Amino acid sequence: IMEDRLADFRKIEPGKGNPVPIKNVTSNLMPDFSQKLKLLQQSINQIKANNQELINLKNQTIEATQNDVEKRCSMQLNHFTEINKGLCAKVKLELEDLQKEVNADKATTPNEPETRIKVIAYQAFNNKFASVLKEFQNNQVEYKNAIKAKIARQARIVDETLTPEQIQDLVNDPEGAQRLF
């Protein structure tokens with residue numbers, strides 16, 4: 001395989017940057033570790049997809065003019081949020097297991113290439129998860145702030161005599177806002 005790849009590289013014209021086709025090579029190097037990473041990647045990708053769905057639902061909720069549409073979007077938001085919370089807990093546990101495995105390998109075989117691969121893979125997945133988790137949390141905060149702004153805007157429309165303090169009370173107590181509307 002190595003000679004084939006070298007021949008492929010030699011065919012590339014300098015400065016042209018022609019892509020070299022990547023052959024699908026299945027590696028038997030650390031199959032258990034690779035399988036764990038594959039499952040971890042699937043979970044992280046699902047969280048990312050759910051994050052995008054949460055953004056779409058947040059926008060639909062904010063733009064909703066009918067109460068039933070808003071409730072439907074809110075229920076879907078809660079559903080995806082609960083799924084993401086479960087996936088995040090699962091990924092945290094999987095990362096903790098990987099960290100234990102990596103630490104054990106670092107203690108027993110610190111200079112082995114497989115150990116370095118595991119360390120780098122663990123760090124990459126840990127950073128990726130941290131990024132996706134932060135995005136999930138930011139989406140939740142943005143949704144909360146958007147809903148508060150929507151309630152405040154609607155309160156001003158319904159009753160122009162409300163003071164900023166009263167509006168803030170309504171924003172902090174959605175049930176009170178429901179009574180007003």
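Leaving aside neighbours within four places in sequence, which residues is serine 43 in contact with? The exercises below start there.

This is a predicted model, where local features need pLDDT of at least 70, side-chain atom pairs count only at pLDDT 80 or more, and totals for chains, interfaces and linings use all residues. Residues are numbered from 1 along each chain as its sequence is written, and side-chain values use heavy atoms, with hydrogens and water left out.

**Exercise 1. Place serine 43 and list its contacts.**

Step 1. Find the element. Serine 43 sits in helix 2. Helices (H or I, at least four residues) and strands (E, at least two) are DSSP runs, numbered from the N terminus.

Step 2. List the partners. Beyond its neighbours within four places in sequence, serine 43 touches Leu87, Lys90, Val91 and Glu94. Contact means heavy atoms within 4.5 Å.

Step 3. Classify it. Serine 43 counts as buried because its relative accessibility is 4%. Buried means under 20% relative accessible area, exposed over 50%, partly exposed in between (1.4 Å probe, protein chains only).

**Exercise 2. Do the same for asparagine 50.**

Step 1. Asparagine 50 is also a residue of helix 2.

Step 2. Its relative accessible area is 3%, so asparagine 50 is buried.

Step 3. Leave aside its neighbours within four places in sequence. Asparagine 50 then contacts Phe80, Ile83, Asn84 and Leu87.

Step 4. Check a spacing. From asparagine 50 to threonine 81 is 31 residues in sequence, and 8.0 Å in space, C-alpha to C-alpha.

**Exercise 3. Decide whether glutamine 99 is buried, partly exposed or exposed.**

Step 1. Glutamine 99 belongs to helix 3.

Step 2. Its relative accessible area is 35%, so glutamine 99 is partly exposed.

Step 3. Look along the chain to lysine 118, 19 residues away from glutamine 99. Their C-alpha atoms are 9.2 Å apart.

**Exercise 4. Describe the second largest pocket.**

Step 1. Fix the term. On a 1 Å grid over the protein atoms alone, a pocket is an open set of points where a 1.4 Å probe fits, with protein on both sides within 12 Å along at least five of seven lines; lining residues have an atom within 4 Å of a point.

Step 2. State the volume. The second largest pocket has about 210 Å³. A volume is the space filled by probe spheres set on the grid points, which are joined across faces, edges and corners.

Step 3. Find the suppliers. Helix 2 (31–63), helix 3 (67–108) and helix 4 (113–158) each give at least two lining residues. Helix 4 gives the largest share, five residues.

Step 4. Name some of them. The lining includes Leu54, Lys58, Thr81, Phe136 and Tyr143.

Step 5. Sort by class. The lining has five nonpolar, five polar and two charged residues. Ala, Val, Leu, Ile, Met, Phe, Trp, Tyr, Cys and Pro count as nonpolar, Asp, Glu, Lys and Arg as charged, and the others, Gly among them, as polar.

**Exercise 5. Summarise the chain.**

Step 1. Count the elements. The protein chain has six helices and zero strands.

Step 2. Gauge burial. Of its 181 residues, 29% count as buried. Cysteine 73 is one buried residue, because its relative accessibility is 0%.

Step 3. Check for disulfides (pairs of cysteine sulfur atoms within 2.5 Å). The structure holds zero.
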